[in-house]
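User: I have a model open on my screen and would like to understand the words used to describe it. Could you take me through them?

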Amino acid sequence: MKAVISIPKNINYSEVGLKVGLEIHQQLNTRNKLFCNCPPSLVSDDILSHLIPYERFLRATRSELGDVDAAASFEFQRKRLFKYLSPSAASCLVELDEEPPHLLNEDALVTALAIALAIGSFIVDEVHVMRKIVIDGSNTTGFQRTAIVALGGHITDYDGDVGIQSIAVEEDAARKIGEDITSVSYSLDRLGIPLIEISTAPDISTPSQARRVAEKIGLMLRFTGRTKRGIGTIRQDLNLSIKGSPKIEIKGVQKLELIPRVIEEEVRRLVGLTMIKDLLIERGASNEEIKAQHIVEVTDILSKSSSKLILNAIREGSKAYAVKLPKFAGVLGIELQTDRRFGTELADYARQWAGVKGIIHSDELPGYGIDENVVSALRSILEVSDLDAFVIVVDKPEKAKRALEVIKDRCIMAIAGIPKETRAANEDGTTRYMRPQPGAARMYPETDIPPIRITSELIEEAKKLIPPTVEEKVNYFVKVYNLSSELAKQLVYSEYMALFEQLVSTYGVNPRILATLFTSLYGELKKNGVDMDLLSDNSYHKIAAIVKSLGDVGKEDLIAITEIVYKYPQLSIEEIVSKMKSRRSVDIGKLRELVRSKIMEFSDEVKKRREKAFQFIMGKVMNEVRGYADGKTVANIVKEELESFLRNAKT
Ligand SMILES: [Zn+2]
């Protein structure tokens, strides 16, 4: 059956009453972790592959108020084993919870204080480290240490100022490196890396405003000069609601550009779920009727399908079960987000709670090798009428039945409207169900760490780190590094700003040349297969040292150096310098011969394009000599030879 509702494409955000709050987590590049002396850096996969994991089960969660926390019981019922890898270069007994935490890292605290001063946030007198319960195994202790440093303040924006709720320092969680139905593996290198967490009030009213505010906070953090760069070093969580909906949490939006998209997709889902609720009520759907549905084994019927997947599963001992969803015909096919239907929501629940791979629902049938005859047989055994839908799960009996019970529960929630969920952001901007939201009171004091008084000395230290505004920073770059304001702006907005300043001051290289590496050459290098984001700070130091040693370098040289450093990390600075020098002394006579031969080879093309053939010939020649000859020299020769050829061709 076709989807019975389509959600309007253009949603008026003020009409639906959109409210968004941000929670931004930024890793700091302090010398040590937050509560121990380990360096805050990640180790390579190769190192991890040689380690033997420590294994633990989730501890029984304490329930001080006697309540069962929804998120905790979700995790607990999964009964998963947690495996921890503890690389000695980046973790110690503190991360393993075998030794008490040390005192709070003062550099991290001072950085948070600087941000608080910049946005007029009210700094607390005494910082108290708290324990926030985590239940997904991402912390060996079962809690995350977090400390509020300041409350209040605001970020200005032309769509309206956005309040700041709190500024905190906290420890990053362990890094998930693998997961299956029975276990999760974590590396402890990331555990304890200092984070600053800035939470805004839900004052944001449009997707684009969310992006602007997130960018502003991100830049402010970066301008302290104390932040890490690269994938995963900043994580943006959102909370979002529309009129009549609960607050939905969305975790892990990694890219700034994705924020508006995630909000658009999620609002569409919420509007869609509201429409589904109205439709179900209109049709007379009821909790009791859904609850009363029996799960029916349909292995025999599905054995007549032509789906290899299903037939193989059945041969290996899986069974097929189905359940009728009264009044849900056409609902499962409703598209709530790009390529995600209500049926996908059901599949998410089944996956997260019962560990099944997927589901098949009636709105997509016939299909998947299940033909009209099989569908009729299913409809008749399940007593499905035109207004009803059904879902099939093929798996081990216990899991399949559990999955279908979960799906019934999710359908009951649909009659009430929008469930309160924690969701995860997908890479395409859609979101998926992760788990129910944890309860409110999950914090209790960390007794191993004494409170820290905020002294005037700490405040004085923090004042030195107060980040400038974007305009101030751009003007500074124009003045001190003699950059155009356009280039300065690009650099200031890039993640490489702090690194750029460090390299210029350490190596005294020409800032204008170095600035092009982080701006205009970025895309060019990407085309040549060099992903600059994957280069470490050490590699950039190497590049700057080579540039310094060579003295005067042009754009082509810089591209060549970066390519060599990227592709041959084992080469030393000296080796690359000598390679570059020999490249410069390439035989001009041979180069000229090559240019002439290319012009002859493509003489028809050259005659047609005339002077405009320059780029064409240049490209052909550079393809052969890149890495050996520099572009400027080649360009001069191509120009000369082209002119001479065209002169002769005329007569
Ligand atoms: Zn440590």
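User: Which domains does the domain assignment give the protein?

Analyst: Happy to help, and please keep in mind that this is a predicted model. The assignment gives domain 1 (19–39 + 49–241), domain 2 (280–418), domain 3 (472–584) and domain 4 (588–650). Taken over C-alpha atoms, the centres of domain 1 and domain 2 are 38 Å apart.

User: What makes E16 and E20 a pair of strands?

Analyst: Two strands count as paired if DSSP finds at least two bridges between them. Strand E16 (residues 319–325) and strand E20 (residues 389–395) are joined by seven bridges and run antiparallel, so by that rule they are a pair. One bridge to look up on your screen links lysine 319 with aspartate 395 in E20.

User: Why are E15 and E19 called edge strands?

Analyst: The open sheet has four strands in the order E15-E16-E20-E19, with antiparallel pairing. Strand E15 (296–297) and strand E19 (360–361) each pair on one side only, and they are the edge strands. Helix H11 (residues 372–382) lies across E15, E16 and E20, at about 65° to E16.

User: Where is the other open sheet's edge, and how is that sheet paired?

Analyst: That sheet runs E2-E3-E11-E10, and its pairing is mixed. Its edge strands are strand E2 (54–57) and strand E10 (175–179), each pairing on one side only. From one strand to the next, the twist averages 30°. E10 and strand E11 (residues 183–187) share four bridges in the antiparallel sense; with at least two needed, they qualify as a pair. Across that pairing, glycine 178 stands opposite serine 185 in E11.

User: How do you know which residues of helix H16 are buried?

Analyst: A residue is called buried if 20 or more other C-beta atoms lie within 10 Å of its own. In helix H16 (residues 497–507), the buried residues are Met497, Phe500 and Leu503. They cover an arc of only 125° around the axis, which puts them on the same side of H16.

User: What covers those buried residues, and what does the face turned away carry?

Analyst: The cover includes helix H5 (207–222), helix H15 (485–493), helix H17 (511–518) and helix H19 (537–550). The face of H16 turned away from the buried side carries Ser505 and Thr506, which are exposed; that label needs 12 or fewer such C-beta atoms.

User: Which residue follows H16, and what is its phi?

Analyst: Glycine 508 follows H16, and its phi is positive, near 60°.

Terms used
Residues numbered from 1 in each chain as written. Predicted model: local features only at pLDDT ≥ 70, side-chain atom pairs only at ≥ 80, totals over all residues. Domains from an automatic or database assignment. Contact = placed C-beta atoms within 7 Å. Axes fitted to C-alpha atoms, helices over the stretch in contact; angles between N-to-C directions. Arc of directions from axis to C-beta.
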